[in-house]
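Student: Could you take me on a close look at one part of this model? I'd like to follow the sheet and whatever packs around it, in one connected walk.

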Amino acid sequence: MSKFRSLNVDVVVNGETIRVGGRERTEFVNCYKLDEIIPNRYSEILIVEMMMSLYVCGIDPRHIVDEIKRLEKMGSNGYTKEATQFKHPPLHPLWHQHYFSEHYIVPNIENEVKRNFDAMWDNAMGPEGSVVEKKHIDNLVRSVVSGSIETRGNEKRLTGEWLIFSKQETGNIYLCMANHTAGDQNIYDKLAYCCEHQFPLLEPFSSNCRVPRQS
């Protein structure tokens with residue numbers, strides 16, 4: 001167990017400060033068996049974020065745990081996009097893996113419609129010049145809604161928000177959850193504040209610590 005487990009973490013939600021203590025985090029870790037899956041390879045802030053995502057947003061932690069198992073080669077190949085490395089500072093050389101839940105169904109449908117609506121229309125409406133009937137509309141709705149999710153899942157293109165991690169020879173180290181619209185610098189600032197002391201030798205933290213401060 002990390003020595004940082006004894007620290008209390010205060011989170012502000014809708015103007016209210018919620019204290020997440022070490023005992024609560026330990027109970028959560030035990031519930032989802034993270035010490036069995038990735039012992040000593042996760043940050044305390046990741047646990048807090050998973051807890052808050054459940055309590056505030058209703059996102060089942062198993063969605064994140066399933067992606068961790070996938071990355072650890074302990075689960076299925078999944079339905080989300082493959083993990084991708086950040087190409088540019090300040091987040092390079094870290095990686096991100098999408099996790100999916102029902103909260104992200106609408107954005108996935110929107111993205112698939114933008115990508116493939118002409119084909120959806122042609123398949124649903126039949127040959128050019130066909131009389132539009134109720135069955136055609138039903139086919140189009142089915143193709144747009146369930147078909148979009150099924151297609152993206154089969155092709156491993158489902159997207160959601162991010163699980164940020166570092167690839168190491170000794171195993172991945174899982175750092176935090178992130179909203180991909182937050183901006184790379186904001187994500188890095190959170191990582192540096194919350195994770196650097198727990199994993200000071202990780203890049204990009206280590207290199208940035210060696211950069212002389214300008215007076």
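**The sheet and its surroundings**

Tutor: Happy to. Let's start with one bridge: S166 is partnered with I173 in β6. Please keep in mind that this is a predicted model, and that every value below is computed from it.

From that bridge we can step back to the two strands. Strand β5, residues 161-166, runs antiparallel to β6, and five bridges join them. Another of its residues, F165, has Y174 in β6 as its bridge partner. The two strands make a hairpin with six residues between them. In the turn of this hairpin, G171 has a positive phi of about 125 degrees.

On to the neighbour β4, residues 95-99: β4 is antiparallel to β5 and is also joined to it by five bridges. Here Q97 stands opposite L163 in β5. Putting the strands together gives an open sheet of four, in the order β3-β4-β5-β6, with antiparallel pairing. β3 (84-85) and β6 (173-178) are the edge strands, each pairing on one side only.

How much of β5 is buried? Six of its six residues are buried, so the strand is largely enclosed by the rest of the structure.

Now for the side chains. Ring pairs tie W95, F165 and Y174 into a cluster. Two of these, F165 and Y174, are the bridge partners we have already met. W95 has a charged companion too: the charged end of K167 sits over the W95 ring, 3.7 Å from its centre.

I164 in this region is a good place to look for contacts. Leaving aside residues up to four places away in sequence, I164 touches F86, L94, W95, H96, Y174, L175, C176, A178 and L191. I164 also belongs to the largest nonpolar core, which has 49 residues. Within that core, the residues that touch the most other members are L34, Y42, I64, I164, Y174, L175 and L191. The biggest contributor to the core is helix α3 (residues 44-57), which gives seven residues. As background, nonpolar side chains in soluble globular proteins tend to be buried together. A separate core of six residues lies apart from the largest one, with I109, M120, M125 and V144 among its members.

Aromatic pairs turn up elsewhere too, and a search of the whole structure finds seven of them. One of these joins F28 and Y32 in a tilted arrangement, at 4.9 Å centre to centre and 50 degrees between the planes. F28 is buried at 5% relative accessible area, and Y32 also counts as buried, at 18%. Another pair, Y99 with Y104, is edge-to-face, with 6.1 Å between centres and 70 degrees between planes. Both Y99 and Y104 are buried.

Let's finish with the cysteines. How many disulfides are there? The count is zero. For C31, the nearest cysteine sulfur belongs to C57, 18 Å away, and C31 counts as exposed at 54% relative accessibility. C195 is in no disulfide either: the nearest cysteine sulfur is that of C176, at 5.9 Å. Since a disulfide needs two cysteine sulfurs within 2.5 Å, that distance falls outside the cut-off. C195 counts as buried, at 1% relative accessibility. C176, for its part, brings us back to I164, which touches it.

Notes
Residues are numbered from 1 along each chain as its sequence is written. This is a predicted model: local features need pLDDT of at least 70, side-chain atom pairs count only at pLDDT 80 or more; totals for chains, interfaces and linings use all residues. Side-chain values use heavy atoms; hydrogens and water are left out. Buried means under 20% relative accessible area, exposed over 50%, partly exposed in between (1.4 Å probe, protein chains only). Rings of Phe, Tyr and Trp (its six-membered ring) pair if their centres lie within 6.5 Å; planes under 30 degrees apart count as stacked, over 60 as edge-to-face and the rest as tilted. A charge sits over a ring if NZ of Lys or CZ of Arg is within 6 Å of the ring centre and within 35 degrees of the ring normal. A nonpolar core is a set of buried Ala, Val, Leu, Ile, Met, Phe, Trp, Tyr and Cys residues joined through side-chain atoms within 4.5 Å. Contact means heavy atoms within 4.5 Å. Two strands pair if DSSP finds at least two bridges between them.
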